[in-house]
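Biologist: I'm new to this one, so could you walk me through it and let me pester you about the labels?
Modeller: Sure, have a look first.

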Amino acid sequence: MLKIAWHPAVRGGDSNLDAIRLWDAETGAPIGEPLRGHAKAVRTIAFSPDGEIIVSGSEDETVRRWNSETGARIGEPMKGHVGTVFTVAFSPDGELLASGGEDKAIRLWDAKTGGLRQTLKGHNGAVRSVAFSPDGKILISGSDDTTIRWWDPKTGAPIGEPLKGHAGAVLAVAFSPDGRLLASGSEDRTILLWNVEDRTPMREPLIGHNGSVTAVSFSPSGSVLASGSGDSTIRLWDVGSGVFIWELPDDHSSVNCVAFSRQGDLLASGYQGATIRLWDTQAGALIWDPLESGTASVGVGVLSARGNSPSSASDSKTVPPWVSEAEARLGEPLKGHYHLVTTVAFSPDGKLIASGSSDKTILLWDAKNGVPVGRPIRGHDGGIATVTFSPDGKLLASGSEDRTVRLWDAETRTTITEPLIGHDDSVNAVVFSPGGKILASGSEDQTIRLWDTETGAPLGEPLRGHVDPVVTVDFSPDGRLIASGSEDAILLWDGETMALLRQHPTSIDVQNILFLPDNQLMVHHHDGSTTLFDSPTLQISEREATTGHHTINDFLLSSRELTLAPQGQWTTFLSKRFLWLPANYWSEIFHGWGPESTITLIRLCRGILVFAHEHNLFIFDVSRALAH
């Protein structure tokens with residue numbers, strides 16, 4: 001069973017301030033009666049590593065132990081502090097208990113007997129936070145004196161000089177699961193990440209909170225850091241890059257604590273607004289409505305043994321999903337091309353991925369496992385600029401720098417017509433009509449051409465109107481309209497008469513256009529932004545995008561291939577961040593976003609995300625994240 005414990009923080013005048021309560025994370029129901037025994041307000045709690053014992057520190061100057069199953073007190077109060085006990089922590093083996101308080105001292109206790117082993121002195125201010133390293137060889141303490149001190153818990157001796165970097169009291173400290181990093185949160189509103197080996201900050205402070213940072217916690221993988229603040233927010237940070245991932249919704253009260261479950265899929269937060277919240281970290285969704293403590297404020301929530309995940313999550317979609325390290329990548333990078341991958345396309349059923357390269361070849365891949373399907377498709381005399389499948393998945397069309405368009409049998413990978421010749425420059429875009437009988441192609445020669453897919457014959461004269469190369473083309477769902485985009489403009493054509501209907505100049509280069517099911521036109525720009533247009537007026541839409549599906553995520557999981565844009569470690573959709581990947585994936589693909597990195601494209605279809613970078617493809621299954 002997953003348990004969450006809370007204690008009420010000081011707000012005065014409430015007889016329940018000395019109580020601790022346990023909650024069942026699956027149901028949100030309280031477990032048993034409140035744990036009572038302290039004479040004054042409880043300020044801190046912690047679970048033992050095995051989850052069997054709860055320890056609490058109080059304004060009554062004592063530390064108490066409790067049986068987490070029965071709620072019974074264990075032994076007598078542990079006395080020694082003079083003033084409030086602000087922080088407690090177990091050693092990884094559960095043998096030691098550390099406590100810090102208003103008296104500027106840290107005390108080490110025998111967790112089994114409750115006997116005092118040592119008193120550690122050195123801070124010049126109240127000790128606000130303590131934490132053991134994962135191997136138990138180091139104890140860290142943060143203080144009102146703005147320093148972090150290192151101690152040998154075996155001898156009680158200080159290790160080296162205090163760490164100095166914060167400009168305010170150090171209110172929270174936490175080690176990464178591998179023990180290589182230390183996170184500290186401060187009254188100065190910043191978070192510092194320290195290299196444990198050389199005891200130096202690994203980068204500039206993480207800045208974003210508008211209040212004191214009161215809590216920090218690493219995910220079990222160590223790739224994500226959660227921080228809570230007096231500004232009422234919880235922030236998630238990518239540890240590898242220091243990039244802000246997202247912010248969880250405001251509770252309008254100070255966050256006193258944050259803690260991940262052992263699998264990292266749940267995050268608990270406690271607030272001074274008398275509530276506890278439990279979050280699904282895969283979706284950023286609220287699992288529980290806030291649990292009301294019935295007291296003045298909630299001070300700490302700590303997760304113990306993991307147990308089963310809740311069976312369902314909230315319908316809240318205010319926070320985008322992110323993909324955990326455990327679920328996303330499908331195998332190693334797909335290697336087969338020898339030069340830059342310039343284009344990818346999904347088959348309508350999502351089972352195949354076609355990739356084209358400047359090496360003049362087209363490769364087909366199994367989207368489920370990344371295995372190549374057959375030999376490379378050859379025939380073009382120049383690099384492949386664009387590929388697309390017909391609506392029934394039986395045909396594959398390609399456009400090339402050799403100025404031709406080719407039609408292939410997707411199963412046999414052989415040509416079905418002679419090359420389609422007519423453009424005077426590289427072919428940048430190809431798209432089938434909804435019925436598959438017509439193929440449209442856009443070219444560097446500033447024209448769009450239409451072709452009969454059965455015979456390969458051209459249909460009518462080229463469509464002229466662009467003054468820059470045509471980079472993207474699409475048919476409306478009913479086939480009555482054709483939209484085309486270039487660096488400077490979007491044009492709308494009559495699909496039957498081929499007459500130019502509307503044009504809309506744009507100051508931002510167009511990357512891709514896509515008709516939505518309701519005939520709105522979605523335009524992706526090179527800067528990652530998106531514009532929606534009403535058709536056939538080609539006026540900027542004042543409406544939200546409607547996809548013809550129940551939710552936008554249903555559309556993201558549909559068979560329609562979508563073009564996405566990168567923004568830091570995010571991919572964006574409709575100009576909004578909607579999907580985040582951990583740093584190790586991005587570093588493999590983009591090598592830290594260095595100036596030499598080339599992001600060819602990002603495509604999404606049926607929950608499969610494909611990145612093309614240099615001559616490799618990277619495939620991710622993000623369906624679980626999008627389904628939340």
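**Labels and the values behind them**

Modeller: Let's start with a pair: K335 stands opposite N616 in β57. This is a predicted model, where local features need pLDDT of at least 70 and side-chain atom pairs count at pLDDT 80 or more, while totals for chains, interfaces and linings use all residues. Residues are numbered from 1 along each chain as its sequence is written, and side-chain values use heavy atoms, leaving out hydrogens and water.

Biologist: How do you know that β31 pairs with β57?
Modeller: Two strands pair if DSSP finds at least two bridges between them. Strand β31 (residues 334–335) has two bridges to β57, and the two run antiparallel. With two bridges against a cut-off of at least two, they therefore pair.

Biologist: And what makes 334–335 a strand at all?
Modeller: A strand is a DSSP run of E with at least two residues, numbered from the N terminus (helices are H or I, at least four).

Biologist: What joins β56 to β57?
Modeller: Six antiparallel bridges join β56 (residues 608–613) to β57. One pairing there is V610 with I619 in β57. The two strands form a hairpin with two residues between them, and E614 in that turn has a positive phi of about 55°.

Biologist: Why is β57 called mostly covered?
Modeller: Five of the six residues in β57 (616–621) are buried. Buried means under 20% relative accessible area, exposed means over 50%, and partly exposed is in between (1.4 Å probe, protein chains only).

Biologist: Which residues test that 20% cut-off?
Modeller: S229, in strand β22 (224–229), has 0%, so it's buried. G383 sits in the loop between β34 (362–366) and β35 (384–389), and at 3% it is buried too. R199, in the loop between β18 (190–195) and β19 (200–201), has 19%, which is under 20%, so it still counts as buried.

Biologist: What is odd about the backbone of R199?
Modeller: R199 has a positive phi of about 60° although it isn't a glycine. Most residues other than glycine have a negative phi, and most peptide bonds are trans. K104, in the loop between β9 (96–101) and β10 (105–110), also has a positive phi, about 70°, without being a glycine. At 40%, K104 falls between 20% and 50%, so it is partly exposed.

Biologist: Where is there a cis peptide bond?
Modeller: From S535 to P536, with omega near 5°. P536 lies in the loop between β49 (530–534) and β50 (539–540).

Biologist: Why is the contact of D103 and R107 called a salt bridge?
Modeller: The term asks for a side-chain nitrogen of Lys or Arg within 4 Å of a carboxyl oxygen of Asp or Glu. The closest N and O atoms of D103 and R107 are 2.9 Å apart, so the pair qualifies. R107 is buried, at 10%.

Biologist: How many are there in the whole structure?
Modeller: Five salt bridges turn up. Among them is R117 with D110, at 3.0 Å from N to O; R117 is partly exposed at 46%, while D110 is buried at 15%. Another is R43 with E59, at 3.3 Å. R43 lies in β4 (42–47) and E59 in the loop between β5 (53–58) and β6 (62–67), so the pair ties together parts 16 residues apart in sequence. R43, at 25%, is partly exposed, and so is E59, at 23%.

Biologist: What makes E444 eligible for a charged patch?
Modeller: Patch residues need over 30% relative accessible area and no salt bridge, with like charges joined within 9 Å. E444 has 31%, so it clears the 30% bar. D424, D425, E444, E487, D509 and D527 gather in a patch of negative charge on the surface, Asp and Glu being counted as negative. E444 itself is in the loop between β40 (438–443) and β41 (447–452).

Biologist: Last one: why are β12 and β15 edge strands?
Modeller: The open sheet of four strands runs β12-β13-β14-β15, paired antiparallel. β12 (127–132) and β15 (163–164) each have a single partner strand, so one side of each has no neighbour in the sheet. Further in, four bridges join β13 (139–143) to β14 (147–151), and G142 has I148 in β14 as its bridge partner.

Methods. Patches are made of residues with over 30% relative accessible area and no salt bridge: like charges are joined within 9 Å, nonpolar side chains (Val, Leu, Ile, Met, Phe, Trp, Tyr) within 5 Å. Accessible areas come from the Shrake-Rupley method with a 1.4 Å probe; for residues, only the protein chains shown count as cover. The place of a charge is taken as NZ of Lys, CZ of Arg, CG of Asp or CD of Glu.
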